[in-house]
Amino acid sequence: MSSLSIPPGSLSRRITSLLIANRGEIAVRIARTAHRLGISTVGVYSEPDANAMHVDAVDIAVALGGWTPAESYLRADAIIEIALAQGCQAVHPGYGFLAENADVAEQVAAAGLIWVGPTPDQIRTLGDKVAAKKLAIESGVPTAPLFEITDGALPDGIPMPALVKAAAGGGGRGMRIVRSPEELEEAVAAGSREAKSSFGDGTVFVEPYIERARHVEVQIIGDMHGNVVHLGERECSIQRRNQKIVEESPSAGITPETRAAICDGAVALAKSVGYHGAGTVEFLVDEAGSVDSINFLEVNTRLQVEHPVTEAVTGVDLVELQLRVAAGEELALRQEFVRAHGHAIEVRVVAEDPAAGWLPSTGSISSFDLSGEPDLVRIDTGFRSGSVVSSDYDSMLAKVIAHGATRAEAAAKLRRALRASEVDGVKTNLSTLVSILGERDYLNAATPTAYLDEHPDVVAAAGPTGGDRTALMLAAVFATERSDRAGDAVTGFAPSGWRNLRTQGQRQVWSVVGTEVSEAVEFTVCRDAADVRIGMWPEPTEDGSLPDDERARLAVRLLSLAEIDGRPGAVTIATEIDGVRRVVEATVDDDVVRTRSVAGAIAWTQVPRFVDHDAEVAGGGPVCPLPGTVIAVHVSAGDEVAQGAVLMVVEAMKMEHKITAGAASTVTEVHFEVGSRVDQGDLLVSLEAAADGESDG
């Protein structure tokens, strides 16, 4: 990765061994560049990460112990001790955890180690959004006013809508949109609480909120010799819960004047503090991307999650530049030689359920394959089959990046690669990402920050439809029957019921794993052809007669079925449905059949014909949606609550989840207190439904 020549300097003399103080995909990505430069690597890991992918990516890894971030990756003293004991010269913090902690950067330097990042003073100044905004104004960077909150007192005259933001950290944590003055106090309290939990600093401030804004940011890199250059801008407007899921470079929604203003402003701001290392200067602009609407947001004094799109269009390895700058080298880049070539798009594959309000998903990953089209995309990940998604860490599974000569080409490549991807064991946003990349407004670059709110159809996308979906389900049928009949040397290649004589139709119901979605199929076969009906079969009427069958009839042929070498239970199946041939890869894994084609992937399980309908145990109140920690309790036994009232707040996967009453009720018992650890499915608050006619207020 280098279209720009970066000559060797003092890097090889000053850094021969690097400690990577992080986990997941960013630790894997840093190790890859370090090894290419001949630098040995030392990793660290928590107890649940003992066999994680990032541990295998480094030369050696040292146990930190503990299960939570506070017990492991946030233990700066232990990390510094490990670096010294292993003979490292430098510490790379990645992003998150310790990356923007000025005190830790100071401790690293005091121990005689190199901190791969800006100085502690630069982190303090620019990492504080209030101080950074004041400095931006002094440096001539266009921006809107800010309103500081002192000792909890809310200033007067805040225009609506407004945005509550954490003064420290990033990632959307501590951020709240406020649309009326009545909401402000609660939003400030919740934002401060989340900021305190995530960053150790509960300071928040308020600024005007731009409706239908675009989120654009400028990548900068500076050295210790006074040089600062920008590597162009990225647009990251498509977000959920104030966290990005689609990023691209360059922005397709701003004017040339705006591009020049934000890039020049970013460099001026960085030079004003003598910045060295990689950083990102973030802005909001209106939907039209006009220069008059620019509002400076913040500076992230670290490598960003979305840095690969900048690498794709510039040909520069940003981690290499970080390491060279940290070693004292002068930047070999000159602004006039930095050019963007083509367009790059990155999506974040996240363990979450978009249709359920983006609720994070936890569990063990049974299948993880994002490389169905490896020539089309770059994949940065720290997960693989068998990895566990824990509520203690971020739910991002991978970043998938495509580069093309045009934005449309990059989107088409990325969409094709995602359709061929397969992740099972946890819910993901893959179908949503595929839908976004093919949606008309997205392709026309009509992507303000309100995009997902305004496109509920892409959020609720359920994967392949029509003939593509039918082909996947029939592949599950055929693969399962073949597996069940593997010992039959004569007809084992085909599903049971595949006869030379026409037979009675077979009826099966298949459900999509992890959902309540099911599909029914009935098929009658003769020789190499089948008559297939999709949908539930008609039931007899009260007099025993059958109503007319109005289901569509499909003509299906099983053209081929072949085992995949080296993959037990996996087959490639070619079917012809109404004259259209499709190829599906199917893998039988106990009761689950994973199917995948160029149209997408679905994991199926067959619904038993006869189900024991045991009486369900009434929960008597809301249960915890996923493992986490109780951070607020709003009710006590005996309280009467209205439908929708907030009973408790649980923090999980770095997000707050409000637990509400499903109906007007009386609280009979509160089962957990603030600070309690709760598991998925735990009954949190026992409720007794209000009698009919009682007030719901």
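1. Let's start with helices α5 and α6 in this predicted model. Their axes come within 8 Å and cross at roughly 175°. Angles over 145 degrees count as roughly antiparallel, so α5 and α6 are roughly antiparallel to each other. On the α5 side, the contact is made by Ala102, Asp103, Ala105 and Glu106, and α6 brings Pro120, Ile123 and Arg124. Sorted by type, the residues of this contact are four nonpolar, no polar and three charged.

2. Now follow the chain from α6 (residues 120–127) to α7 (residues 129–138). These two helices pack at an angle of about 85°, with their axes 5 Å apart. An angle of 65 to 115 degrees counts as roughly perpendicular, so that is how α6 and α7 are arranged. Look for Thr125, Leu126 and Gly127 in α6, which meet Lys129, Ala131, Ala132 and Leu135 in α7. This contact of α6 with α7 divides into four nonpolar residues, two polar and one charged.

3. Helix α4 (residues 76–85) is a good place to look for buried residues: Ala76, Ala78, Ile79, Ile80, Ile82 and Ala83. What covers them? The cover includes β1 (17–20), β2 (40–45), β3 (60–63), β4 (90–92) and α5 (102–110). After α4 comes Gly87, with a positive phi near 75°.

4. Helix α8 covers residues 181–199, which is 19 residues. From its first C-alpha to its last it reaches 27 Å, close to the 27 Å expected at 1.5 Å a residue. The buried residues here are Leu184, Ala187, Val188, Ala190, Gly191, Glu194 and Ala195. When you look at that list, it helps to know that an α-helix has 3.6 residues a turn, so residues three or four places apart point the same way. Just after α8, Gly200 has a positive phi of about 80°.

5. Finally, pick out Ser237, which lies in strand β11 (residues 228–240). Is Ser237 buried or exposed? Its relative accessibility is 2%, and buried means under 20%, so Ser237 counts as buried. Leaving aside neighbours within four places in sequence, Ser237 is in contact with Ala213, Arg214, His215, Val246, Thr447, Pro448 and Thr449. The side chains of Ser237 and Glu235 are also joined, by a polar contact of 2.9 Å. For a sense of distance, try Asp392: it is 155 residues from Ser237 along the chain, and the two C-alpha atoms are separated by 27 Å.

Technical notes. Residues numbered from 1 in each chain as written. Predicted model: local features only at pLDDT ≥ 70, side-chain atom pairs only at ≥ 80, totals over all residues. Heavy atoms only, no water. Axes fitted to C-alpha atoms, helices over the stretch in contact; angles between N-to-C directions. Helix = DSSP H or I, 4+ residues; strand = E, 2+ residues; numbered from the N terminus. Parallel < 35°, antiparallel > 145°, perpendicular 65-115°, else oblique. Contact = heavy atoms within 4.5 Å. Nonpolar A, V, L, I, M, F, W, Y, C, P; charged D, E, K, R; others polar. Buried < 20%, exposed > 50% of the residue type's maximum accessible area, 1.4 Å probe, protein only. Polar contact = N/O pair within 3.5 Å; in protein donor to acceptor, adjacent residues only side chain to side chain. Expected span 1.5 Å × (residues − 1).
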